[in-house]
Structure formats: C-alpha cells, structure tokens
Amino acid sequence: MNERGRGGGVRLTARGAVVSVLAFTLLGCLLQALFGPPALTGAAFVAGCAVAVALVNRRDLLTLVVSPPLVFFAATLLAEAVRSLGSASPLRTLGLGLFTTLSAGAPWLFGGSLLVLAVAWRRGLAGCVRELREELRAGGPAAVPRPRRGEAGAFAPEPEGYFEPKVYGTPREDA
C-alpha cells in the first residue's frame with residue numbers, strides 16, 4: 001500500500017508544512033495574548049508540528065525536520081514585534097519580550113522538534129538522508145585541482161566567447 005493510501009488524500013509540501021506550523025504557532029500567540037496562559041503558544045506549536053509531520057510528503061521530511069526552531073523563532077519575533085509597537089521603548093520591549101518568550105518556550109520548542117524527528121524517523125527519514133547522500137556523491141563533478149604557477153598548463157584561458165559581448169539584432173549602416 002502506498003503512503004497516499006495510508007494517510008488519506010491530503011499531503012503537504014515542505015513549504016506548506018512549514019507554513020502550517022507557523023500558522024498554528026501564531027494562532028497560539030494570539031490566543032495567549034487574549035486569554036493569558038503562557039502554555040498556549042507552546043501547545044499550539046507542538047500541535048502544528050504534529051499536524052505538519054503527519055501530512056508532509058515523504059520526500060520533504062528532511063526539510064521539515066530542520067525547520068521547527070526557525071519557525072518558532074520567526075513566530076516569536078513577529079508576535080513580540082507587534083506587542084512592542086505601543087510601548088514607550090519598542091526596541092527594549094522587543095528584546096526583553098524575545099528573551100522571556102524564547103526562554104519560557106524552550107521546553108515546547110524541544111518537545112515539538114523531538115516529536116517531528118521521531119515521527120519523521122518512523123515515516124522514513126533515514127531513507128531520505130540516504131538518498132541525499134547518494135545524490136551528493138553522484139551529482140557533483142570531481143574537484144579538479146588548479147595547476148600552480150610554473151607548472152605545465154598553468155594558464156587556462158576561458159572558453160572562446162566567454163567575455164565577448166552578445167550582439168542582438170542586425171548591424172546598422174552608418175550614413
């Protein structure tokens with residue numbers, strides 16, 4: 001049975017999964033601002049991570065696994081920037097808000113990242129890493145060392161026409 005049959009018909013790309021984690025986290029920040037419990041942002045982040053890793057395409061697991069810390073920071077930065085707009089010293093308020101929110105959210109960040117890693121591993125992350133290694137080994141040309149000065153073949157000119165300007169159209173007759 002293929003993966004589409006097991007998980008239903010909805011699959012997200014890596015971008016869609018990252019955006020869903022961001023949307024969940026921002027929604028948690030909004031709910032925290034409205035209702036007060038500081039755990040709302042973290043719980044929303046972990047829920048967004050769970051949804052994203054469950055719905056992302058298998059080939060995009062590697063991208064999703066590395067993105068939760070960046071998404072958490074971006075959501076926190078955006079939420080704290082909005083909160084600091086009305087203060088007397090917005091820069092100080094932003095810095096202090098970032099410090100306190102990131103410090104308080106660290107366990108949630110680690111939990112969400114660990115959840116994404118565990119579920120992605122179960123869904124085939126090891127295979128994605130293996131495929132990436134094979135592509136990197138086979139894809140790039142072998143590095144050719146440049147000859148040193150004084151050695152034979154030290155001067156390697158650019159291919160013909162490399163620095164010549166491109167001429168478009170037809171030449172005009174000077175009258």
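The exercises below work through the helices, core, salt bridges and surface of one predicted model.

Residues are numbered from 1 along each chain as its sequence is written. The model is predicted, so local features need pLDDT of at least 70, side-chain atom pairs count only at pLDDT 80 or more, and totals for chains, interfaces and linings use all residues, while side-chain values use heavy atoms, with hydrogens and water left out.

**Exercise 1. The chain as a whole**

Task: State how many helices and strands the protein chain has, and what percentage of its residues are buried.

Solution:
- Helices and strands are DSSP runs numbered from the N terminus, with helices (H or I) of at least four residues and strands (E) of at least two.
- Counted this way, the protein chain has seven helices and zero strands, and its pattern along the sequence is α-α-α-α-α-α-α.
- Buried means under 20% relative accessible area, exposed means over 50%, and partly exposed lies in between (1.4 Å probe, protein chains only).
- Of the 175 residues in the protein chain, 27% are buried.
- Accessible areas come from the Shrake-Rupley method with a 1.4 Å probe, and for residues only the protein chains shown count as cover.
- The accessible surface of the chain is about 12,600 Å², and carbon and sulfur atoms account for 65% of this.
- A contact is a pair of heavy atoms within 4.5 Å.
- Taking contacts between residues at least 6 apart in sequence, 72% join residues at least 24 apart.

**Exercise 2. Helix H2**

Task: Compare the span of helix H2 with its expected span, then find what covers its buried residues.

Solution:
- The expected span is 1.5 Å times one less than the number of residues.
- H2 (residues 14-35) has 22 residues, and its first and last C-alpha atoms are 31 Å apart, close to the expected 32 Å.
- The buried residues of H2 are Ala-14, Ala-17, Ser-20, Val-21, Thr-25, Gly-28, Cys-29 and Gln-32.
- Their cover includes helix H3 (39-55), helix H4 (61-66) and helix H5 (68-84).
- Thr-41, in helix H3, touches Thr-25, Gly-28, Cys-29 and Gln-32, leaving out residues up to four places away in sequence.
- Thr-41 counts as buried because its relative accessible area is 6%.
- Gly-36 follows H2 and has a positive phi, near 105°.

**Exercise 3. The largest nonpolar core**

Task: Identify which helices supply the largest nonpolar core, and which one gives the largest share.

Solution:
- A nonpolar core is a set of buried Ala, Val, Leu, Ile, Met, Phe, Trp, Tyr and Cys residues joined through side-chain atoms within 4.5 Å.
- The largest such core has 17 residues, and those with the most contacts inside it are Val-21, Phe-45, Val-53, Leu-61, Leu-64, Val-116 and Ala-120.
- At least two residues of this core come from each of H2, H3, H4, H5, helix H6 (90-123) and H7.
- H3 gives the largest share, four residues.
- Apart from neighbours within four places in sequence, Ala-120 contacts Val-53, Leu-61, Val-65 and Leu-125.
- In soluble globular proteins, nonpolar side chains tend to be buried together.

**Exercise 4. The salt bridges**

Task: List the salt bridges and state how far apart in sequence the partners lie.

Solution:
- A salt bridge needs a side-chain nitrogen of Lys or Arg within 4 Å of a carboxyl oxygen of Asp or Glu.
- The count by this rule is two.
- One joins Glu-131 to Arg-58, with the closest N and O atoms 3.8 Å apart.
- This pair links distant parts of the chain, since Glu-131 is in helix H7 and Arg-58 in the loop between H3 and H4, 73 residues apart.
- Glu-131 is partly exposed because its relative accessibility is 40%; for Arg-58 the value is 29%, so Arg-58 is also partly exposed.
- Another joins Glu-80 to Arg-83, with the closest N and O atoms 2.4 Å apart.
- Glu-80 and Arg-83 are separated by about one helical turn because they are three residues apart in helix H5.
- Glu-80 is buried at 5% relative accessible area, whereas Arg-83 is partly exposed at 39%.

**Exercise 5. Two leucines**

Task: Place Leu-27 and Leu-132 in their helices and classify each as buried, partly exposed or exposed.

Solution:
- Leu-27 is in helix H2 and is partly exposed, with a relative accessible area of 46%.
- Leu-132 is in helix H7 (residues 125-139) and is partly exposed, at 35%.
- The C-alpha atoms of Leu-132 and Leu-62 are 9.3 Å apart, although 70 residues separate them along the chain.
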